[in-house]
Amino acid sequence: MGAWATGNPSRGNPGIGNGRPNFNLGSIWAQTRAVHIKGTRVNYNMPAQRMQEQPLLHLQEVSKLYSGETPFLALDRISIEIKKGELVSIVGPSGSGKSTLLHMLGCLDMPTGGEIFVEGKAVSKMSDDAVADLRRDTIGFVFQEFNLAPTLSTFANVELPLMIRGVPKETRREIVERNLAAVGMSDKAHNLPSQLSGGQKQRVAIARALANSPKLILADEPTGNLDSKSSAEVMSHILQLHKKLGITVILVTHDHALAEKTDRIIRIMDGKIESDTRKKHAGKNTG
Amino acid sequence: MKNSELAELAFNSLRYRSLRSWLAILGIVIGVASIISLISISVGINDSIQKNLGGLGANVVTISPGGLRADRFVVGGGGQFGAPTATEGKITFREADQLRSIAGVSRLDARVQGNARVNYRNKNTSISIIGTEPSAFPLSAANTILYGRSLGIGDLSSAVLGYSVATSTFNESMLNKQIKINNVPFRVVGVLNQSGSSFSATDRSIFISQKAAEKLFSQNQYVSSIVVVAADGSNPDTVAAGITQKLLSLHRVSVEKQDFTVTTATTLQSTISSVTNTLAIFLGGIASISLIVGGIGVANAMFTSVLEQTKYIGLLKSLGTRRGTVMKLFLFEACMVGLVGGVIGVALSFAVSGVLGGFGLPTRITPELILLGIGFSIIIGAVSGILPARNAASVPPVEALRYE
């Protein structure tokens with residue numbers, strides 16, 4: 001992805017209109033993160049310090065049993081700890097439970113056994129609204145099927161999480177423009193999702209996932225519906241989020257080559273962790 | 001999320017599914033337009049009745065023999081209700097005389113009346129003849145003389161024609177012409193002004209003196225009706241109450257067995273209002289059915305909308321939208337359907353009322369009716385939207401995201 005510049009942060013809004021991602025992604029998003037949101041100033045630019053803090057996510061003996069005529073145990077007493085700033089991939093064959101695990105990590109689904117802790121807080125003890133707020137403030141999702149709102153323009157799709165959070169309109173505009181510029185989608189700001197290619201949709205989804213400055217990005221087969229060129233582009237964006245911003249990224253993928261680019265690979269089989277491998281430079285095994 | 005932003009999102013969603021949205025809106029439009037149009041008819045009828053009542057005379061009290069029953073509410077002569085009927089109860093001339101001394105009674109007209117054959121040249125027709133006391137006439141008919149003169153005390157063979165009798169029935173200058181009533185000759189000495197009230201039989205009657213009528217109808221014991229003109233500054237309802245008490249004591253009957261009817265403009269108005277209100281409720285009730293059907297249409301459209309947008313709901317939830325906000329979003333959508341349907345429905349009702357007016361039906365759309373129409377349609381939208389909105393809010397995010 002040679003299109004990404006690595007120089008000083010661009011000021012203003014230089015990239016809008018050319019459609020090519022020619023910015024320093026890390027700097028632009030770092031600016032975005034420093035924007036005041038509801039009076040709090042969040043500084044994400046201390047990955048080394050954050051690595052020493054308590055785990056971002058901790059799954060303790062988590063199980064998920066789908067009841068019905070033929071009960072199905074999708075997850076079987078899984079325990080994982082995800083530290084802040086980690087780049088993790090979850091791999092496994094279809095039906096192994098990796099997407100279910102991702103949903104648990106994203107608090108989109110609740111376990112039938114065990115407990116999920118986000119920054120030390122037990123999710124099961126939170127109210128419905130508190131869990132919603134947790135998702136809003138902490139987690140950004142990138143889905144295989146993009147999940148862009150079909151009725152909203154590219155701009156409005158990226159603006160949506162900010163709107164949900166109650167960010168003032170002017171600040172929203174600023175953040176959306178920066179994020180769209182960062183993924184090279186400024187010139188498509190007023191297009192509907194139906195007018196975008198798969199790769200473009202996923203870039204918009206990444207811009208949206210970043211809107212509320214999450215601590216964690218969960219990507220469920222983000223390149224599953226893309227051609228190889230778009231896949232490479234999208235993955236480059238996601239990997240840079242980790243490298244430049246130190247955001248924790250958890251990636252569910254079938255693609256072993258892609259998984260190899262991450263620091264830690266959790267292999268799932270029949271709802272259980274088969275292996276949990278860290279690259280040497282990334283730290284110890286937790287499995 | 002601000003309400004204005006939710007409204008914007010809801011509007012966006014409605015616009016995206018425009019055909020289905022318009023079909024749902026159409027249901028509300030038809031409901032609201034039919035409710036307002038039909039109620040506007042009863043408002044128009046009420047207006048027309050009230051306008052006609054104005055011609056009856058606000059200070060006139062009418063006493064008729066027989067208790068008031070809805071099925072004998074008949075238009076009587078001289079501009080008042082309550083003509084004699086087959087029901088029990090009679091009032092004598094002697095009793096009528098005793099009412100003259102009641103406080104607030106300015107003039108009292110004890111009448112004898114009936115239908116008679118009237119001949120003039122080659123015309124022979126049946127007309128209502130009212131024998132009136134010349135001292136009270138034409139005040140007791142809440143009218144004035146258009147031309148000629150009123151009846152004199154000793155006028156036993158003079159007649160005053162109602163406006164329609166003079167202009168329509170005979171259709172020529174009748175002053176000083178001789179007419180025959182049941183073959184008794186009378187000379188026309190005057191013509192009354194138009195009363196302007198379709199309730200009043202004044203325009204369609206011939207007035208002769210009470211004494212002449214007694215002879216004509218061989219009736220010298222019982223009155224057909226009594227018309228009392230209340231004195232200036234006195235309340236006709238108070239005068240009516242005094243008359244009622246007096247007659248009850250003269251007839252030695254209780255209120256429950258009252259054998260006469262006392263009517264004032266106020267009692268008449270309230271009776272008529274209750275009739276027109278019943279009409280409004282009846283017509284509104286019929287039209288409500290269409291609005292309820294429209295509401296079911298909105299509910300159906302909302303359920304479809306929720307189903308169609310299940311994945312979007314999942315997305316909203318994954319982005320951290322609270323359950324209440326999702327519910328509010330869909331309620332906004334339903335209320336918007338109601339609001340737009342209400343506004344268009346009101347506009348359509350003006351057109352429908354205009355068409356009905358063209359067919360001669362009196363209609364009037366009041367500001368209250370407009371507010372009622374729009375308010376009701378928003379409520380219908382909201383009520384129809386509650387269940388789908390609750391469904392939308394309760395979908396677990398992961399299931400919603402998986403929905404195909």
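1. Let us start with A:Thr154 in this predicted model. Setting aside neighbours within four places in sequence, A:Thr154 is in contact with A:Leu180, A:Lys188, A:Ala189, A:Asn191, A:Leu196 and A:Val204. The residue belongs to helix H5 of chain A, which covers residues 154-165. Is A:Thr154 buried or exposed? Its relative accessibility is 1%, so A:Thr154 counts as buried. A polar atom of its side chain lies 2.9 Å from the backbone oxygen of A:Lys188.

2. Helix H5 of chain A also holds A:Glu159, which takes part in a salt bridge with A:Arg172 of helix H6 (residues 169-182). The closest N and O atoms of A:Arg172 and A:Glu159 are 2.9 Å apart. The pair links distant parts of the chain, with their positions 13 residues apart. Both A:Arg172 and A:Glu159 are buried.

3. Now for the nonpolar interior. Which residues of the largest nonpolar core touch the most other members? They are A:Leu101, A:Leu160, A:Ile250, B:Tyr312 and B:Phe330, in a core of 77 residues. The element that gives the most to this core is helix H2 of chain B (residues 18-53), with nine residues. Another core lies apart from it and has 43 residues, among them B:Val61, B:Ile63, B:Ile179 and B:Val191.

4. Two of those well-connected residues are worth a visit. Not counting residues up to four places away in sequence, A:Leu160 touches A:Leu152 as well as B:Leu9, B:Tyr312, B:Leu315, B:Leu316 and B:Leu319. A:Leu101 sits in helix H3 of chain A, residues 98-105. With the same kind of neighbours left out, those within four places, A:Leu101 is in contact with A:Leu59, A:Leu75, A:Ile78, A:Ile80, A:Ile90 and A:Ile268. A:Leu101 counts as buried because its relative accessibility is 0%. Ten residues along the chain from A:Leu101 is A:Pro111, and their C-alpha atoms are separated by 9.4 Å.

5. Next comes the interface. How many residues of chain B are in contact with chain A? There are 22 of them, and they meet 25 residues of chain A. Between them the two chains bury about 2300 Å², 59% of it on carbon and sulfur atoms. Five salt bridges are found across this interface. One pair to look up is B:Lys311 and A:Glu145, a salt bridge whose closest N and O atoms are 2.5 Å apart. Six residue pairs between chain B and chain A are in polar contact, both residues being at pLDDT 80 or more.

6. Which parts of chain B supply the side that touches chain A? Helix H1 (3-16), helix H8 (310-318) and helix H11 (397-402) of chain B each give at least two residues. H8(B) gives the most, with six residues. By class, this side of chain B has ten nonpolar, five polar and seven charged residues.

7. Side chains of opposite charge can pair when their charged atoms come close. Over all chains, the whole structure has 33 salt bridges. A:Lys84 and A:Glu119 form a salt bridge at 3.3 Å, N to O. This pair links distant parts of the chain, 35 residues apart: A:Lys84 is in the loop between strand E2 (72-82) and strand E3 (87-91) of chain A, and A:Glu119 is in the loop between strand E4 (113-118) and strand E5 (121-122). A:Lys84 is buried, with a relative accessible area of 10%, and A:Glu119 counts as buried at 19% relative accessibility.

8. A:Glu233 and A:Lys229 both lie in helix H8 of chain A (residues 228-245), four residues apart, or about one turn of the helix. Their salt bridge has its closest N and O atoms 3.8 Å apart. A:Glu233 counts as buried at 15% relative accessibility, whereas A:Lys229 counts as exposed at 63%. Elsewhere, salt bridges with shared partners join A:Asp129, A:Asp133, A:Arg136, A:Asp137, A:Arg165 and B:Arg322 into one network.

9. Finally, a few backbone details to check. B:Phe137 and B:Pro138 are joined by a cis peptide bond, with omega about 5°. B:Pro138 is in the loop between strand E3 (123-132) and strand E4 (145-148) of chain B. A:Glu61, in strand E1 (residues 57-66) of chain A, has a positive phi near 55° although the residue is not glycine. A:Asp270, in the loop between strand E9 (264-269) and strand E10 (272-278) of chain A, also has a positive phi, near 50°. A:Glu61 counts as partly exposed at 43% relative accessibility, and A:Asp270 as exposed at 60%.

Key
Residues are numbered from 1 along each chain as its sequence is written. Chains are lettered from A and ligands numbered from 1 in the order in which they are written. This is a predicted model: local features need pLDDT of at least 70, side-chain atom pairs count only at pLDDT 80 or more; totals for chains, interfaces and linings use all residues. Side-chain values use heavy atoms; hydrogens and water are left out. Contact means heavy atoms within 4.5 Å. Buried area is the accessible area (1.4 Å probe) that two parts lose on being put together, summed over both. A salt bridge is a side-chain nitrogen of Lys or Arg within 4 Å of a carboxyl oxygen of Asp or Glu. A polar contact is a pair of N or O atoms within 3.5 Å; within protein, one must be able to donate a hydrogen and the other to accept it, and residues adjacent in sequence count only if both atoms are side-chain atoms. Ala, Val, Leu, Ile, Met, Phe, Trp, Tyr, Cys and Pro count as nonpolar, Asp, Glu, Lys and Arg as charged, and the others, Gly among them, as polar. Buried means under 20% relative accessible area, exposed over 50%, partly exposed in between (1.4 Å probe, protein chains only). A nonpolar core is a set of buried Ala, Val, Leu, Ile, Met, Phe, Trp, Tyr and Cys residues joined through side-chain atoms within 4.5 Å.
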